[in-house]
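Trainee: Could we go through this structure together? I'd like to hear the reasoning behind each label.

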Amino acid sequence: MLKRTIEISSQPTHLSMRHGQITLSCDGEPIGSVPCEDVGTVVVDHPQTTYTHAVLRDIVAQGGTVVICGHDHQPAGVLIPLGSHCQIVQRTREQIEATLPTKKRIWQQLVRGKILEASKVLDKSDAGKRLRALVNQVRSGDPTNVEARAAKLFWQAWLPQEYEFRRDHDGDEFNGLLNYGYAIVRALISRAIVSAGYTPAIGIHHHHRGNPFCLSDDLIEPLRPLIDGCVRKMALAGHHEIDRESKTRLLGLLDSTTEFDGEQGPLNVVVHRYVNQFGACLRNEAKSLDYPKRASSWN
């Protein structure tokens, strides 16, 4: 089922529940309503937004997520369901008991996918060709850290030299747009992980004890170029700031058509198939892990 994304940023909005509908109002005047079960993600970026307890409760009960942005317009926190999958204990055990060779094989495929998709962002440039040459150098577990070499090459060529761009997680402008896009897709993946009965904190490569979304950070890797390509187009068109237009374009990625395992579909639907295929690889029921990628019909 295609889930909707709601963004709240342009005016102070109150969210409440009425007869299974999320109702939105401003200064007591109704703005609109949407069935709660149709909502996948709510992104809140207006500081005067208010909610009833019931609306937050029902959003997560229906498998949705709520992303809260801070004063810098960057996502600061996310509310996700705890999960009601009937096999959640079994799924968590699968994560804990997965063998090291299995996890290394999955990580190899994720890194290869990330580098391949990054090469497509740079298209036919010399850097794109050099990235494609690195794909087959990624061995099980990526022991030689080809991923880091590819990232350095990618970001050096991501924008023309006159932009003087440097990838900095704490930077502004283009870095802020990238971080915003990553956070939105990360929340989408986290929702799919919980929906499938897995635990986002238990990763196959990422393992920082203070990170509750290690698995999300594993699975987002080959999807990062979707955001990188989108922000690059905005940058080259002179769009530098996190504003309503840029956020709308980045949120639109959740509904964009992607290719996965020979079929096409919206990212917010396909991502569930992606997580389920990851689970099959984790159980050694499948050896190959595909990932959602930009559809050939995209410009």
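Mentor: Sure, here is a walk through the chain, label by label. Keep in mind that this is a predicted model.

Trainee: Then let's begin with the whole chain: how many helices and strands are there?

Mentor: The chain has 10 helices and 11 strands.

Trainee: What makes the chain as compact as a globular protein of that length?

Mentor: Set its radius of gyration against the globule rule: the chain comes out at 19 Å, and the rule gives 19 Å for 299 residues, so the chain is as compact as a globular protein of that length. If you'd like a box around the C-alpha atoms, it is roughly 60 × 50 × 35 Å along the principal axes.

Trainee: And what share of the residues is buried, and what share of the contacts is between residues far apart in the chain?

Mentor: Of the 299 residues, 50% count as buried. Among contacts with a separation of 6 or more, 62% are between residues 24 or more positions apart.

Trainee: What about the surface and the charges?

Mentor: The accessible surface is about 14,600 Å², with 49% of it belonging to carbon and sulfur atoms. There are 35 positive and 34 negative charges, and their mean positions lie 8 Å apart.

Trainee: On to Asp218. Why is it called buried?

Mentor: Its relative accessible area is 0%, and the cut-off for buried is under 20%, so Asp218 is buried. This residue sits in helix H7, residues 214–219.

Trainee: Which residues does Asp218 contact, leaving aside its neighbours within four places in sequence?

Mentor: Asp218 is in contact with Trp107, Leu110, Gly203, Ile204, His205 and His206. By contrast, take Asp218 and Val231: they are 13 residues apart in sequence, with 21 Å between their C-alpha atoms.

Trainee: His46 has a relative accessible area of 13%; what does that make it, buried or exposed?

Mentor: Buried, because 13% falls under 20%. His46 belongs to the loop between strand S5 (39–44) and strand S6 (50–51). Its contacts, leaving aside neighbours within four places, are Ile8, Ser9, Ser10, Gln11 and Pro12.

Trainee: How do you know that the length of helix H6 agrees with what it should be?

Mentor: H6 covers residues 174–195, which is 22 residues, and at 1.5 Å a residue they should span 32 Å; the end C-alpha atoms are 32 Å apart, so the two agree.

Trainee: And why is H6 called largely enclosed?

Mentor: Because 19 of its 22 residues are buried, H6 is largely enclosed by the rest of the structure. Just after H6 comes Gly197, with a positive phi of about 95°.

Trainee: What makes H10 largely enclosed?

Mentor: In H10, 12 of the 16 residues are buried, so the rest of the structure largely encloses this helix. Among them are Leu267, Val271, Tyr274, Phe278 and Leu282. H10 runs over residues 267–282 and reaches 22 Å from its first C-alpha to its last, close to the 22 Å expected. Asn284 follows H10, and its phi is positive, near 60°.

Trainee: What makes a positive phi worth pointing out in a residue other than glycine?

Mentor: Most residues other than glycine have a negative phi. Asn145 has a positive one, near 55°, and lies in the loop between helix H4 (126–135) and helix H5 (146–157). Asp261 also has a positive phi, of about 55°, in the loop between strand S9 (257–260) and strand S10 (263–266).

Trainee: Why are these two called partly exposed?

Mentor: Asn145 has 39% relative accessibility and Asp261 has 44%. Partly exposed runs between the 20% and 50% cut-offs, so both fit the label.

Trainee: How do you know that Phe260 is buried?

Mentor: Phe260, in strand S9, has a relative accessible area of 1%, so it is buried under the 20% cut-off. Not counting residues up to four places away, Phe260 touches Val270, Arg273, Tyr274, Gln277, Asp290, Tyr291 and Pro292.

Trainee: Last one: why is Glu285 called exposed?

Mentor: Its relative accessibility is 57%, and exposed means over 50%, so the label holds. Glu285 lies in the loop between H10 and strand S11 (293–294). Its C-alpha is 47 Å from that of Tyr163, 122 residues away along the chain.

Definitions and conventions:
Residues numbered from 1 in each chain as written. Predicted model: local features only at pLDDT ≥ 70, side-chain atom pairs only at ≥ 80, totals over all residues. Heavy atoms only, no water. Helix = DSSP H or I, 4+ residues; strand = E, 2+ residues; numbered from the N terminus. Rg over C-alpha atoms; globule rule 2.2 N^0.38 Å. Buried < 20%, exposed > 50% of the residue type's maximum accessible area, 1.4 Å probe, protein only. Contact = heavy atoms within 4.5 Å. Areas by Shrake-Rupley, 256 points an atom, 1.4 Å probe, with all protein chains shown as cover. Lys, Arg positive; Asp, Glu negative; His and termini not counted. Charge placed at Lys NZ, Arg CZ, Asp CG, Glu CD. Expected span 1.5 Å × (residues − 1).
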